[in-house]
Amino acid sequence: MRKSPLRTVIAGAVGSILLFIGSLGVGWLAAVSEIRQNPVVIALRFTTPGAIVSIILVALGGMLLVREWLRLGQKLNHWGPDTRKWVNAAMISWSVPMMVAIPMFSRDIYSYIGQGRVMQSGLNPYEYGVSTIENFFQLGADQLWSESPPPYGPLFLWMEQGVVALTNAQPDQSVLLFRGLCILSVAAIAWMVPRLARLHGINETRALWLSVANPLLLVNFILAAHNDAIMIALALGGTLAAATWRDWRGGLLGAFLVTMSIAIKPITLVFLPFIGLLWAGKGASWTRRFAIWALTLAWSVGILALMGFVSDFGFGWVSAMSTPGSVFIWYAPVGMLGLIANGVAGILGGDGGKAMDLVHSLGQMLAVPVILYMMFVGRDQKIIRRLTWAFAAIVIFAPMIQAWYVVWLIPLFAVTGIRSDWQVDVLFFLSAFFMIYAVSDQLDVFPYLDIDLSSGRTIAAVIAIAYGAYLWFLDPATRRLFRGKYRSTLQSTVI
């Protein structure tokens with residue numbers, strides 16, 4: 001007799017509620033926010049015990065979500081038609097507390113507000129940073145990026161301007177509107193994932209559990225309200241359209257939606273050649289493929305040129321693409337190699353900074369041959385899987401890998417097949433690792449408390465790592481996942 005997933009769904013919702021409560025104390029809140037005057041927020045944010053409690057709740061809540069996501073997969077292991085309602089229930093109940101929480105794990109949403117103010121002022125945000133606008137820091141924007149051009153396309157800049165115009169840049173209202181856009185995007189992803197999985201003969205509910213019910217996606221796309229949610233929703237929409245019709249209708253619509261995604265963040269430019277392959281049709285000659293590629297590119301560039309003309313920004317976002325690439329992180333393979341090169345060059349008396357930059361540049365260039373290989377080599381029925389690996393190459397060879405970069409890839413891998421062996425183990429590990437990193441990374445600890453930011457991060461890290469070790473080695477239920485037990489009876493074929 002199978003166990004009911006009800007307790008698992010409820011426990012996951014409790015984890016999300018813990019994140020919500022913790023966000024009141026250590027989430028990112030604008031200095032001028034009226035929420036700061038709430039008595040509960042004051043107790044959690046401006047007292048040392050309150051801050052410590054908030055940090056503990058965030059760490060426990062994030063890791064509890066990971067555990068219940070794993071348990072949900074165990075309990076729904078047969079993935080029959082009766083399992084969809086439970087995955088839907090989990091996605092909804094786990095998301096609701098995040099919808100009204102203070103943003104956590106990233107403060108990019110406040111940069112969106114600042115860039116919207118730049119737009120409202122009639123300035124070109126690719127030439128003027130958010131620091132140009134008076135009082136920018138009081139609205140929550142990170143000073144680190146205060147003079148950097150936004151790595152976003154014109155469509156998202158218009159969205160930013162629209163939100164700021166509607167709210168008069170009031171930060172709390174702006175956060176809710178931006179989050180609303182992200183919620184709609186997550187709902188769209190949840191609608192598209194089963195349809196893309198069906199095209200590949202993959203169990204739809206299992207794909208939905210692996211991707212949209214994944215806590216890593218929920219905390220990055222809803223709690224943090226990253227605009228990547230909009231970007232991926234549009235890119236998946238274009239892929240679905242092109243894969244469904246596989247003719248001029250699907251090609252034009254697919255390329256249009258992907259171009260809208262590019263106009264959010266240019267990174268999804270890599271989707272275009274694969275949209276062209278889907279448009280060309282099965283068994284298309286190389287002459288036809290090259291012709292369709294040219295047509296797809298011309299269609300996309302024409303749309304972007306029109307948007308640049310209307311906005312009077314042209315293609316200013318192209319140079320801004322380098323903004324996030326100027327940083328690195330230790331756990332990214334290329335980032336680690338850069339650190340090693342820096343150290344070796346320093347020992348040998350060379351310029352460590354130049355050595356690091358060279359390694360980072362060479363590493364990013366390695367993605368190009370992978371993308372070209374995936375464009376030209378492979379079977380027709382594997383086009384979307386080839387797209388997935390091309391997109392993954394950009395992430396893997398980047399010196400900076402953020403948690404939401406991994407989230408870009410999860411829906412694509414899920415709909416084309418994640419086998420119930422080492423492949424799903426990798427996803428489990430990445431989901432847990434990035435959740436541990438998230439809950440112990442960006443915390444807004446009031447600087448005048450007896451606990452400082454470093455100590456707060458240490459507390460969160462110790463709790464999260466201990467919880468992760470418990471899941472892997474001690475938990476009577478989840479440890480069996482990593483010993484080859486409770487594998488899905490429906491092995492997803494890699495397409």
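**Exercise 1.** Is W279 buried or exposed in this predicted model?

*Solution.* Step 1: locate the residue. W279 lies in helix α12. Step 2: take its relative accessible area, which is 4%. Step 3: apply the cut-off, under 20% for a buried residue. W279 is therefore buried.

**Exercise 2.** List what W279 touches, leaving out residues up to four places away in sequence.

*Solution.* The contacts of W279 are R246, D247, W248, G251, L252, R288, I292, L295 and T296. Among these, R288, I292, L295 and T296 also appear on the α13 side of the contact between α12 and α13. As a separate distance, the C-alpha atoms of W279 and S95 are 36 Å apart, with their positions 184 residues apart along the chain.

**Exercise 3.** Describe how α12 packs against helix α13 (residues 286-311).

*Solution.* Step 1: the angle is about 130° and the axes are 8 Å apart. Step 2: an angle from 115 to 145 degrees falls in the oblique class, so α12 is oblique to α13. Step 3: the crossing is right-handed. Step 4: α12 contributes L272, P273, G276, L277, W279 and A280, while α13 contributes R288, R289, I292, W293, L295, T296 and S300. Step 5: sorted by class, this contact holds 8 nonpolar, 3 polar and 2 charged residues.

**Exercise 4.** Determine the relative direction of helix α3 (residues 48-75) and helix α21 (residues 453-474), and the make-up of their contact.

*Solution.* Step 1: the two helices pack at about 25°, with axes 9 Å apart. Step 2: angles under 35 degrees count as roughly parallel, and α3 and α21 are therefore roughly parallel to each other. Step 3: their crossing is right-handed. Step 4: from α3, residues I55, I56, A59, L60, M63, L64, V66 and R67 meet G456, I459, A460, I463, A464, Y467, G468 and L471 of α21. Step 5: the class count is 13 nonpolar, 2 polar and 1 charged.

**Exercise 5.** Check the length of helix α18 (residues 383-396) and work out how far it is enclosed.

*Solution.* Step 1: at 1.5 Å a residue, the 14 residues of α18 should span 20 Å, and the end C-alpha atoms are 20 Å apart, which agrees. Step 2: the buried residues are I383, I384, R385, R386, L387, T388, A390, F391, A392, A393 and V395. Step 3: with 11 of its 14 residues buried, α18 is largely enclosed by the rest of the structure. Step 4: the packing partners of these buried residues are α7 (171-199), α10 (228-245), α12 (272-280), α17 (367-376), α19 (403-416) and α20 (422-439).

Notes:
Residues are numbered from 1 along each chain as its sequence is written. This is a predicted model: local features need pLDDT of at least 70, side-chain atom pairs count only at pLDDT 80 or more; totals for chains, interfaces and linings use all residues. Side-chain values use heavy atoms; hydrogens and water are left out. Axes are lines fitted to C-alpha atoms, for helices over the stretch in contact, and angles run from 0 to 180 degrees between N-to-C directions. Helices (H or I, at least four residues) and strands (E, at least two) are DSSP runs, numbered from the N terminus. Angles under 35 degrees count as roughly parallel, over 145 as roughly antiparallel, 65 to 115 as roughly perpendicular and the rest as oblique. A crossing is left-handed if the near helix is turned anticlockwise from the far one by less than a right angle, and right-handed if clockwise. Contact means heavy atoms within 4.5 Å. Ala, Val, Leu, Ile, Met, Phe, Trp, Tyr, Cys and Pro count as nonpolar, Asp, Glu, Lys and Arg as charged, and the others, Gly among them, as polar. The expected span of a helix is 1.5 Å times one less than its number of residues. Buried means under 20% relative accessible area, exposed over 50%, partly exposed in between (1.4 Å probe, protein chains only).
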